[in-house]
Amino acid sequence: VAKRRFDDFEGFPRGWFVVAFSDELPVSGTLQLHYFDRELVAYRGEDGVVRILDGHCPHMGASMGAGGTVVGTSIVCPFHRWRFEGDGRCVEIPYCQEIPKKAAVGTWPVIERNGLVHLWYHPKGGEPEFDVPTLPNHGSSEWLPWRHSRIRIKTHSKEIVENVVDIAHFEPVHGTHVGTFDNEFKGHLAIQRNSGIAYPRGGGKDRFALEATYYGPGFQISDMRGVPAQPACERAHDGRRRDAGPAVRRGAEAQRRQRRATRRSRKGYIDNLTTGFLEDVRIWENKAYRQPPLLCKADGPIMKLRKWYSQFYDAA
Ligand code: FES
Ligand SMILES: [Fe+2]
């Protein structure tokens with residue numbers, strides 16, 4: 001295996017990335033997506049299944065995400081109505097009997113799970129190497145639906161992922177007292193366990209315990225417990241970037257229904273999470289990447305995290 005330097009994370013890492021929320025794609029809906037330096041089109045067929053194809057038509061280059069229409073399990077290009085099946089093949093040209101052999105678009109592996117649409121990215125088109133988890137709470141009547149958002153961040157996703165081991169930033173950036181903190185790396189998983197006391201913006205203090213797990217470089221689930229007053233929360237996010245463009249983070253939070261929680265306290269909880277995230281964003285958007293960083297003994301396992309992250313760049 002070729003040794004990677006930790007400062008040349010070029011291109012995009014292999015992994016599952018959330019590119020849409022399920023409720024953005026009704027039956028027969030289409031979405032124009034810009035990810036991984038390319039244009040893609042996602043659509044939900046009349047059979048309810050989401051498919052993702054390269055977005056530009058091989059005929060004369062129209063964007064199928066800008067006005068394409070769904071017919072059965074296929075999508076029709078808005079320009080001259082060539083029709084493409086979910087496997088990428090052109091199956092109909094309304095004004096021509098003969099379909100050119102090469103008339104096909106690229107396709108991408110998709111998993112729709114937990115109300116999220118994940119795309120498997122591999123720079124050479126390789127098959128998925130791991131799975132995304134099923135969240136037992138998703139869809140349960142005890143939990144509220146996702147509240148989701150999208151934010152563009154001018155940084156490399158390696159910075160976002162690194163946050164997971166950075167024990168020393170919680171106090172200065174978030175005003176959080178960390179009590180216990182540990183990290184575990186297992187194959188494609190990077191886990192953070194963290195408990196302590198948070199000081200919400202609205203005043204007061206909350207004990208919290210969280211376990212945040214990256215499933216590959218692009219998808220993280222955080223299980224948060226507020227003790228005792230706050231509702232428990234689950235949060236999903238992903239981020240990615242190449243050196244040229246910003247990372248897009250799609251984040252979603254779901255809360256357990258609690259009799260004591262009011263609409264206002266629920267909103268307050270999520271607003272605080274958002275504020276906390278924006279505190280990180282401000283750092284990321286303005287920092288330089290140090291390789292090697294100048295670390296002290298009490299820093300978190302930054303280099304272990306970088307080694308873990310680098311495995312997704314060694315394209316098999
Ligand atoms: S560009 Fe798509 S059908 Fe012509
Ligand atoms: Fe942070």
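This note covers an iron site and a small set of paired strands in a predicted model.

1. Basis. Residues are numbered from 1 along each chain as its sequence is written, and chains are lettered from A and ligands numbered from 1 in the order in which they are written. In this predicted model local features need pLDDT of at least 70, side-chain atom pairs count only at pLDDT 80 or more, and totals for chains, interfaces and linings use all residues, while side-chain values use heavy atoms, with hydrogens and water left out.

2. Iron site. Asn-163 (ND2), His-169 (NE2), His-174 (NE2) and Asp-280 (OD, listed twice) coordinate the iron ion (ligand 2) at 2.1 to 2.8 Å. Donors are N, O and S atoms within 2.8 Å of the metal (3.2 Å for Na, K and Ca); water is not among the atoms, so sites may look incomplete.

3. Donor spacing. The donor residues follow the pattern N-x5-H-x4-H-x105-D in sequence. His-169 lies in the loop between helix H1 (157-162) and helix H2 (170-174), and Asp-280 in helix H3 (residues 263-284), so this pair ties together parts 111 residues apart in sequence. Helices (H or I, at least four residues) and strands (E, at least two) are DSSP runs, numbered from the N terminus.

4. Burial. His-169 is buried, at 8% relative accessible area, and Asp-280 is buried at 6%. Buried means under 20% relative accessible area, exposed over 50%, and partly exposed in between (1.4 Å probe, protein chains only).

5. Sheet. Three strands form an open antiparallel sheet in the order E1-E11-E10. Strands E1 (15-21) and E10 (110-113) are at the edges with a single partner strand each, so one side of each lacks a neighbour in the sheet. E10 and E11 (residues 116-121) pair over four bridges; two strands pair if DSSP finds at least two bridges between them. Arg-113 stands opposite Leu-116 in E11.
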